[in-house]
Amino acid sequence: MSDNNTKKWEPKIIAFFCNWCTYTAADLAGVSRMKYAPNVRVIRIMCSGRVDPQFILQAFASGADGVLIGGCHPGDCHYSEGNYKMLRRFRLLQKILKIMGVEEDRCRLEWISASEGDKVKSVINDMVERVKKLGPLGIPENLAKLDEEMNVIEDIFKREEVL
Amino acid sequence: MKYLYYPGCSLKCTGRSYEESLLAVFKVLGIDYVELDDWNCCGATAYMAVDETKAFAIASRNLALAEQQFKNENEINIIAPCSACYMVLLKTQNFLAQNETELKKIKYALKESGLNYEGKVKIRHPLDVLVNDFGINAITKAVKHPLKGIRAASYYGCQTVRPYATFDDARDPSTMDKIVKAIGAEPVDWPLKTRCCGASLTGTVEQVGLPLCHSILYEAIKKRADVIITSCPLCQFNLECYQTKINKKYNQDLHIGVIYFTQLLGLALGILPPELGMNRLFVKPESVYKSVGGGAAIYV
Amino acid sequence: MDKSVDVTTFALDNAENGYKDIERRLKYETELDKDFKEKIAEIAHGEKLYSCIQCGTCSATCPVSHYMDYTPRKIIQMVREGFKEDVLKSATVWLCASCYSCSVECPKGIKITDVMYALKREAIITGHYPKHFPTPVLANNFFKQVLKHGRSSEGPLLLKMYLKTNPLMLFKNMKLGFNLWKMGRLSLKTEKIKNKGNLNKLLGGIEKATGTVRKEAAVN
Amino acid sequence: MFTNLWEEGQLFMSNTYGSTLRIGFYVCHCGHNIASLVDVVDVQKYVAALPGVVVSRDYKYMCSDPGQELIQTDIKEYKLNRIVVASCSPLLHEHTFRVAAEKAGLNPYFFHMVNIRENVSWVHDDRAAATEKAKDLARAAIQRVFFHKPLETKTVPVNPAVLIVGGGISGIHAALTIANAGKHVYLVEREPTIGGHMAMFDKTFPTLDCAACILTPKMSAIKSHPNITLWTYSEVEKVDGFVGNYKVTVKRKPRYVIEELCVGCMDCIEACIYKEAKYPDEFNLGLSKRKPIYIPFPQATPQVVLFDPETCIDFKSHRCKKTCIEACDRNAIDLKQTEKFEEIEVGTVILSTGFKTFDPKLSPQYGYGKFPNVYTSLEIERLVNASGPTSGEVITRDGKSPKSVGIIHCVGSRDEKTNKWCSRVCCMYSLKLAHLIKEHTDAEVYNFYIDMRTPGKGYEEFYDKLMNEGVHFIRGRVAEVTDWAIVPEEENRLTIRVEDTLIGVVRRIPVDMIVLSVGLEPREDASEVRRLFNISCSTEGFFLERHPKLAPVSTFTDGIFIAGACQGPKDIPDSVAQAGAAAAEALSLISAGNIELEPNTAKIIEQYCSGCKSCVPLCPYSAISFKEDVKKAFINEALCKGCGTCVAACPSGSIIQNLFEDEQIFSEIDGLLKFAGIGLKESDTARKEVEHV
């Protein structure tokens, strides 16, 4: 039980990699046996354009310490311009995250082509390093605390109503 | 813009005339400079051979001093005329930029001596400053005595363009040739512009160094050069001062003036030879003096 | 005894004898130092020496390689294979004039000049350097001079070097030295910086810094 | 807010299609590939305890027949309705397992794959962390498959016509193979003639048969083949569509000569008012001259002349006497010709756009462009060619016969500053040129090589032959070519400075002629071509194959194949072999007649669509239209390629992408971070027990 306390905190990062470029690059990194930090969990999507900002918010809400999105380089998108669409949304999302108090380094968009296995490695290592410096984001814990507070308030309201 | 001037040890000793001519040229062209306060030796090539970290530390002291002296500037241009100083300072800067752990150590040591290094310094060679900041057109305009008919062989030596080809090509540099053309002389197209003169070996291991100097002198004369111009105090020393020795060794009669490019430029700008430190030469560049005519001709 | 240290005498011996010394060329694995390459690869970009394809560009572009006992290419291979003593005793590293041609031309980006510096340092630390060969003596004296005064003074430096290595050379070069002095190009005065204390603090600081870092590394 | 749909208990039932969720989980050892870093048994045990999981197994090789049979038996025996396999990349074996599931009667889209090899075991070195990551990924997949739905695979017919881009030896061979199989080929070539680099060569190694003798029959076969449409001096402008159904626009540049009328008699060239040829001839690399109206070389295919508007007087001043037009008795010259665009429909495409040679000016130490007697290997190919600028006589630019020739290998290759790769063909062609130079002159020939690479049938024997012919072989990379003469023999010659590494001595070798064996590079516009056809390039810029060993001529875009040196440096035999392979791949698609498409298209749930039109302009394929009568958006499934951009943008959440539905991805996200299945709260306790075992 006490294991969890003594264990060093390691950030968890959720990555959305597009099928054609970044996911293939990650495969290439694998085939080339490049070693990188084990903190990233990859979700494969067909195109970075599929990444709904809600996915990112949901990841943070569920306890991710960082979110990485990987798409094809501008002009290289398998679907012509899905990556541009993502970029547009990303810029907007960055502003929202900033307002929400989520540091910029926690959400990152990278263009990684199918041949850039080494970039997968360097981006992941760099991101893990940065997120480590920032420490845990801990939204679920904060939400739970908030929930408790809300419950107390609700209870008070209920009681008052009863009264 | 005001430049910081880092002379280095050679320019105060064997390379005195380099300093004299450089500063004289700066004065005539109106290039504003001030000498770096209490600068120390760059460490040169020999220091690196003994202790690398210390070598980088003492070299970075100069960079830190520059930042201290020009603390209100965002970009500090420091002129290092000696090739070895120029290269060592660049090397130090590169090393510190690429090596975070070493940077930490050196920053710590600098702090101990009350200094700091932020990386605001830009290391410049006088050739770079003259051609790229001051401008070839401005030089052309300032020329008083065009050196008509003079064939000048530009000799860069090694460390001005190697390993950091910052302002010119590492294999076939042309900055000096631009100045040669601007002052009305003719640049010599020759293959040994960047061939090593033997550096300290010429003084220490003569059997290795002298042949290198010999081939450079021989080739320049073969390509009908009237004078060799250089930007390195050690090259100038080797090529000029060992001419007698080389002639004895090879039983030849090689005789060619080896002067600093600033001396040639200075003559064209109308500065008299003694003001350019040319009275210190062993081999007088007679044909150059003749071409300048006027006041300089009496020094032939 | 140690023939490889001084190329000049070595060459002369042979010329006089008319034949080459018969030397054992066989190497046993036990004679090699397998960790040597890692030591040298510690310098910035040093790991690149593992990529050497032995093409010989360094030797061919080197202006003095034809005086060396081992060409720079051979030195790289010897470092990789752990021929530590042979490398450190060789005259090659002391003939390197730091012209950086090899570093510029190497197709694999090996900083050969820097490798040579690393070998010079190793040779001095381990005491393998040729004691009467002028270049290491010059380097050492230069180092001491700068450490002491903050600047180098060419006159006293050369004087010391000649005295320590080959007093005959001093005699031979006396005339040149005198002429230089006459022209104001050589002085026997020692140049110094004003704030010697500042430099001392810096050097002390760097010793402290390297010491502490080493300790940290050991802990990790 | 994201009140996930799956929190409504009903959905759970409906998603399992009337029956309880029964998941089968399989984790693969992949020999040692996975098992060496991931504790697969631990993963298997962990997943076994997850709710919904009926079977959890680990097996040495899941992709093997017994591995697949394991899944199939379990599906039948345990009535499994979801399958999760944790093994390699889905790009490799997703299809294999889908087929396996289908064979056992399960809809293949109830399967999901977890990548614990490329994404885990191969890229980490901490066993505990890797096992932890594998568990997270497996858990996410278990959670994801709750929401999988049965899908129908779409099939579309394959258009039997093939487009081949590039008419070098690869394109020619592929075209003939496909045309001989009775399918129609459009062969598009940028230059005025087909033949590519091979047409420029004199002899071919190691057999020394003449390139023209073996190539020209194939070239004329192309011209006369009824199944081949040959468009030279043409370029592909635009590519639309998808595998089986590509729409391609080809630009045909004006030759100012009507191709159908010209018979190649060349009377017009003779009649040109320029009596002397004075413009550099591209085919001879500027070593000879041509007129403004010309034919690239005698055997050019098609045998049609063309104008160079840059040099023709009439294009510049409109004041030429037009003697060429007078000379043509077939009225084939049309100076008002403009570029034309052809639209074609093809099912598959083969790219065989070839290579370009390294520009040796980028390695200035060899003096190319500075010293006139330094040549590239391609220039020497023309020089030794009997139909070349000197009729096969090897003479230097100053008209002398060389007394000694230096051939420098690896120019631009194996160098961090230029090209890092070995160009594979240079050693062999340098040997060939050494032989030809020896044959044509009595010069001493020196080969300067770093490593001699002769892996090929008869190649090593050819090297041996050359050594016996007295060619000098010096192992060392030349540091510089200089006109600096030290000894009298070096005066007015070029001197090569090299370390003879086998002896350990630096040598200076004076020569009269230098041949630079330049490496092979991707074409300058490889990147644009790649974008046009939606394929990838590897780091160095050559087209990227789908798999380096198992799919060497396929690309990541279905129906687009690559052949020859556009994929990487290769010699003629290898190019031809690859062209044959690419042709076979194309024919296999054509022969199947239909192709299955991933059902990952998007669709609109009309009742939720608010008619905001946000999605309409987002679609790059114009698959979304707006129905004005009902004020709802509509997706044409046939046009949708399944990127999901519209899905992510829909503000009312009314667009669904098959296989990538919102709830599938949400549950995957949640699963990666924690286990939060619906109505399966007991799962949390189950998980903890396993974790602390």
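A residue counts as buried under 20% relative accessible area, as exposed over 50%, and as partly exposed in between. The exercises below apply this and related criteria to a predicted model.

**Exercise 1.** Determine whether Arg33(A) is buried, partly exposed or exposed, and describe its backbone.

*Solution.* Step 1: the relative accessibility of Arg33(A) is 38%. Step 2: this value falls between the two cut-offs of 20% and 50%, so Arg33(A) counts as partly exposed. Step 3: the phi angle of Arg33(A) is positive, about 55 degrees, although the residue is not a glycine. Step 4: in chain A, Arg33(A) belongs to the loop between α2 (22–31) and β2 (40–45).

**Exercise 2.** Carry out the analysis for His45(C), a residue other than glycine.

*Solution.* Step 1: phi of His45(C) is positive, near 60 degrees. Step 2: the loop that holds His45(C) runs between α2 (36–40) and α3 (57–61) of chain C. Step 3: with a relative accessible area of 33%, His45(C) is partly exposed.

**Exercise 3.** Assess how compact chain B is.

*Solution.* Step 1: chain B contains 13 helices and eight strands. Step 2: its radius of gyration is 19 Å, close to the 19 Å from the globule rule for 300 residues, so chain B is as compact as a globular protein of that length. Step 3: the C-alpha atoms of chain B occupy a box of roughly 55 × 45 × 30 Å along the principal axes. Step 4: 65% of the 300 residues of chain B count as buried. Step 5: of the contacts in chain B between residues at least 6 apart in sequence, 76% join residues at least 24 apart.

**Exercise 4.** Describe the contact between chains B and C.

*Solution.* Step 1: four pairs of chains touch, and the pair of chains B and C has the most contacts among them. Step 2: chain B contributes 66 residues to the contact and chain C contributes 64 residues. Step 3: Asp38(B), Val50(B) and Thr204(B) lose the most area in chain B to chain C, together 10% of what that side buries. Step 4: about 5,800 Å² is buried between the two chains, with 65% of this area from carbon and sulfur atoms. Step 5: by contrast, no contact joins chain A and chain B, whose closest C-alpha atoms lie 15 Å apart.

**Exercise 5.** Locate the cis peptide bonds that precede Pro163(B) and Pro206(D).

*Solution.* Step 1: Arg162(B) and Pro163(B) are joined by a cis peptide bond with omega about -5 degrees. Step 2: Pro163(B) sits in the loop between β5 (151–155) and α7 (175–182) of chain B. Step 3: the bond from Phe205(D) to Pro206(D) is also cis, with omega near -10 degrees. Step 4: Pro206(D) is placed in the loop between β8 (203–204) and β9 (209–210) of chain D.

How values were computed. Residues are numbered from 1 along each chain as its sequence is written. Chains are lettered from A and ligands numbered from 1 in the order in which they are written. This is a predicted model: local features need pLDDT of at least 70, side-chain atom pairs count only at pLDDT 80 or more; totals for chains, interfaces and linings use all residues. Side-chain values use heavy atoms; hydrogens and water are left out. Helices (H or I, at least four residues) and strands (E, at least two) are DSSP runs, numbered from the N terminus. The radius of gyration is taken over C-alpha atoms; the globule rule is 2.2 Å times the number of residues to the power 0.38. Buried means under 20% relative accessible area, exposed over 50%, partly exposed in between (1.4 Å probe, protein chains only). Contact means heavy atoms within 4.5 Å. Buried area is the accessible area (1.4 Å probe) that two parts lose on being put together, summed over both.
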